[in-house]
Amino acid sequence: MKNFISKIKNIESKYTHMLEGVRLNKINVLKILDKVKPELVLFNGHGSEVSIHGNNDEVIMDISNAKSLNEKIVHALSCRAGKELGSKAIEAGAHSFMGYDDDFIFWNDENYAGTPLKDPLVKPFFSPTLRLIASLIKGNTVREALRKSQEEYIHQIEKLSTSESGENNAHIIGDLWTDQQHQVAHGNLDINF
Amino acid sequence: MVSTDIKKLVIERIERIPENHKISIGSLGSFSKQQLKKEVKDGSSIGKKFIERELAFIRAQARGELLRPKEF
């Protein structure tokens, strides 16, 4: 992700902080939010309507520490976190919170179990998020980034619908459309990073 | 309570899924085609969720809403 961000804009990696694996715990998350005070926070992990989870399913963000998101633009690729945590984060002072208000669903091909990054089934589900993040990093408003993300969902649905294996992709199109419908946003959408 | 006809429709749609495809449903887990069929037949919460999503998609297709972006 750091390389992805650096490629979009010439942001030196020292200005991006990534927590993953065993380092993705509540203490580290709150430390970064408190000491570094990032303007843009991107979460990617399991979630619930009121929480986002990290390593070993530890709760790393919930309503009790949502004030740590004060004055930040947040995106959470975490199931259902957009339903209640999103609005609570705004009440606690976050500028905006983007995410999903239902389970995030995706399909994968077992033949790519060893090389998930090359799995052609996975890409359509995650490219809308990457497009959104790229748009934010380029300085577009939250509203514009969401528009780009929605545009990417439609592009992927169209591509799958017209592909040779269109009939075999009906299940993928269905869940891609459902994820698109469950994308939500709270707070100030006219702010930019 | 999901009708038998709807379950049958959804199972027929699942039958068309390639054997090597698996679905990941948030923190509920990952399911193969055969596991998904069982969840739907058993009427589990996962099965019901899958049916609900399938029906919403079918209705959206019928209304020509698939390529409509959500407005923010």
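Trainee: How far does helix 5 of chain A reach from its first C-alpha to its last?

Mentor: This is a predicted model. Helix 5 of chain A covers residues 142-162, which is 21 residues. At 1.5 Å a residue, the expected span is 30 Å, and the helix comes close to it. Its reach is 30 Å.

Trainee: Which elements of chain A are included in what covers the buried residues of helix 5?

Mentor: The residues to be covered include V142(A), L146(A), Y153(A) and L160(A), which are among the buried ones of helix 5. A residue counts as buried under 20% relative accessible area. The cover includes strand 5 (73-77), strand 6 (96-100), helix 4 (123-137), helix 6 (170-181) and strand 8 (183-187) of chain A.

Trainee: In what order do the elements of chain A run from the N terminus on?

Mentor: Chain A has 6 helices and 8 strands to place. From the N terminus on, the order is α-α-β-β-β-β-β-α-β-β-α-α-α-β.

Trainee: Why does the radius of gyration of chain A agree with a compact globule?

Mentor: The C-alpha atoms of chain A fill a box of roughly 50 × 35 × 35 Å along the principal axes. For 193 residues, a compact globule would have a radius of gyration near 16 Å, so the value for chain A agrees with that: 17 Å.

Trainee: What share of the contacts in chain A between residues at least 6 apart in sequence joins residues at least 24 apart?

Mentor: A contact here means heavy atoms within 4.5 Å. Chain A has 193 residues, and buried ones make up 48% of them. Of the contacts between residues at least 6 apart in sequence, the share joining residues at least 24 apart is 61%.

Trainee: What share of the residues of chain B counts as buried?

Mentor: Chain B has 3 helices and 2 strands, running α-β-β-α-α from the N terminus on. Its C-alpha trace spans about 35 × 25 × 25 Å along the principal axes. Of its 72 residues, the buried share is 39%.

Trainee: How far apart are the centres of the positive and negative side chains of chain B?

Mentor: In chain A, the mean positions of 22 positive and 26 negative charges are 10 Å apart. Chain B has 16 positive and 10 negative side chains. The centres of these two sets in chain B lie apart by 1 Å.

Trainee: What share of the area that chain B exposes do carbon and sulfur atoms supply?

Mentor: For chain A, the accessible surface comes to about 9,300 Å², with 50% belonging to carbon and sulfur atoms. Chain B exposes about 4,200 Å². The part that carbon and sulfur atoms supply in chain B is 51%.

Notes. Residues are numbered from 1 along each chain as its sequence is written. Chains are lettered from A and ligands numbered from 1 in the order in which they are written. This is a predicted model: local features need pLDDT of at least 70, side-chain atom pairs count only at pLDDT 80 or more; totals for chains, interfaces and linings use all residues. Side-chain values use heavy atoms; hydrogens and water are left out. Helices (H or I, at least four residues) and strands (E, at least two) are DSSP runs, numbered from the N terminus. The radius of gyration is taken over C-alpha atoms; the globule rule is 2.2 Å times the number of residues to the power 0.38. Buried means under 20% relative accessible area, exposed over 50%, partly exposed in between (1.4 Å probe, protein chains only). Accessible areas come from the Shrake-Rupley method with a 1.4 Å probe; for residues, only the protein chains shown count as cover. Lys and Arg count as positive and Asp and Glu as negative; His and the chain ends are not counted. The place of a charge is taken as NZ of Lys, CZ of Arg, CG of Asp or CD of Glu. The expected span of a helix is 1.5 Å times one less than its number of residues.
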